[in-house]
Amino acid sequence: MTSSEPTPALPVRILPLVDEGLGNSAYLLDLGDGRGLAVDASRDLRALHATADQHGLKVAFAADTHLHADFLSGSLGLAASDGATVLASAAGGREFAHRALADGDEVDLGGLTLRTLATPGHTHEHIAFELLDGANTVGVFTGGSLLVGSAARTDLVSPERTEELTRVQYQSLQRLARLDDRVAVWPTHGAGSFCSAPPGAQRTSSIGTERATNQLLRAPSEDAFVQALLGSLGTYPPYFSRLGELNRLGPPLVDGDSLNFLEPGQVRALASAGSPVVDVRALEAFSGAHVPGAVSIPLRDAFATWLGWLITPGTPLVVVRDADQDPAEIVWQARKVGYDLFAGELTEGLAGWTAAGLPTASIPLVAADALDGATVLDIRQSGEFTSGHVPGAAHVELGTLTGHPLPALPAGPLVVMCGHGERAMSAASLLARAGRREVAVLAGGPGDWAATTSRTLETGR
């Protein structure tokens, strides 16, 4: 997670904290007296606490706009570490100490006021927080209602309620659009979030800008809005179906961020007993040699998302890493999406495994001009595939390769590809674990293939 400079030209100091992997922003508001308000903080509080310390702030309030599906909330952690008062929707039914807020309720922040706006749609209990300086509205923390150029998805509560929630999402956006043009918009979900947002660099906006440019906000009718929003939704990770309830109950407090060391024999025994072996090394290292049956999920910004998408929770994880990879980063990214169980890490990494005389496996990387007649299997999201793919490529989304049995795939040698190679290596490792042979990974993505071969990508299905 990274922090950026305060939003300029405002009478308050807002410190955004962007989680590039999950595509979200949390916010730290300086209340001007050494206290801070945190909005939609994740369970990984390292960046938030570092930013608070840098600016001499102690978090007095921790506000959640909704029961998050894509990460575990850090509000309880802030209550424990900073004594923060948790602010959340009364309709959420949270089973831990918090100040339950309904539409119109106001919280005195000491010179500033936080006003609650009921904005259901993304979830049934969603609220936005209007920030007032005296009688003037400075900005609004919109969470998963109004986003930059979009609106958050409405299909996470239940299929039976999706249309209903989409219609109330329309009403929520229209309500927010009645605020003054100059009011700042501080959404939680942004580009890269599976809670739905278009690609783009901007993570904050204004009511005036959204009223002028947001096509969903400009939909000519409620029915048109419903059709447009539901037509834009892709798949999402399975942990989205679990985390909302965990956030309602209150995520357990956790401590420590190191990994126990496991000898190679212990790793082999744990793997045989069903513990997933997650190899977080770079795809090139995994390609050359890895523990047989290990799943490749390179440690990068998107690690938490793909861990949560590909590994079934509830069984202690075994980690294989390089010496220069931070175990704390592995642990905290996993915890953000509800993975608290770690058996430990392989002592001395893969070098320890080979020194013990244990066998390794490999998955070759192949260049775009050396496919040798193999079938290309593109495992990107459907929207990515239709926007441009190698002619004749078969397509399944990576997330479908965790099931048993596997989806129907072409026979013979497969060259798996994605946008850059990391997801493709994850897919290839899942296929190898399931017993598929003659699997390789394309080095690079569709743009690299087109540049190397001087051929044109296909679009559509």
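In this predicted model, the buried residues of helix α13 are Arg423, Ala424, Met425, Ser426, Ala427, Ala428, Ser429, Leu430 and Leu431. The helix is thus described first, followed by the aromatic contacts, of which a search of the whole structure finds seven pairs.

**Helix α13**
- Helix α13 covers residues 422–433 and is mostly covered, with nine of its 12 residues buried.
- From its first C-alpha to its last, α13 reaches 17 Å, close to the 16 Å expected at 1.5 Å a residue.
- Glycine 435, just after α13, takes a positive phi of about 100°.

**Aromatic pairs involving tryptophan 309**
- One of the seven aromatic pairs joins phenylalanine 194 and tryptophan 309 in an edge-to-face arrangement, at 5.2 Å centre to centre and with 75° between the planes.
- This pair links distant parts of the chain, 115 residues apart: phenylalanine 194 lies in the loop between β14 (184–187) and β15 (205–206), and tryptophan 309 in helix α9 (residues 303–310).
- Phenylalanine 194 is partly exposed, with a relative accessible area of 21%, whereas tryptophan 309 is buried, at 6%.
- Tryptophan 309 also forms a stacked pair with tryptophan 306, at 4.9 Å centre to centre and with 15° between the planes.
- Tryptophan 306 and tryptophan 309 are separated by about one helical turn because they stand three residues apart in helix α9.
- Tryptophan 306 counts as buried, at 6% relative accessibility.

**Other ring contacts**
- Tyr27, Phe141 and Trp186 are linked into a cluster by ring pairs.
- Arginine 335 lies over the face of tryptophan 332, at 4.6 Å from the ring centre.

Conventions: Residues numbered from 1 in each chain as written. Predicted model: local features only at pLDDT ≥ 70, side-chain atom pairs only at ≥ 80, totals over all residues. Heavy atoms only, no water. Helix = DSSP H or I, 4+ residues; strand = E, 2+ residues; numbered from the N terminus. Expected span 1.5 Å × (residues − 1). Buried < 20%, exposed > 50% of the residue type's maximum accessible area, 1.4 Å probe, protein only. Phe/Tyr/Trp six-rings, centres within 6.5 Å; stacked < 30°, edge-to-face > 60°. Lys NZ or Arg CZ within 6 Å of the ring centre and 35° of its normal.
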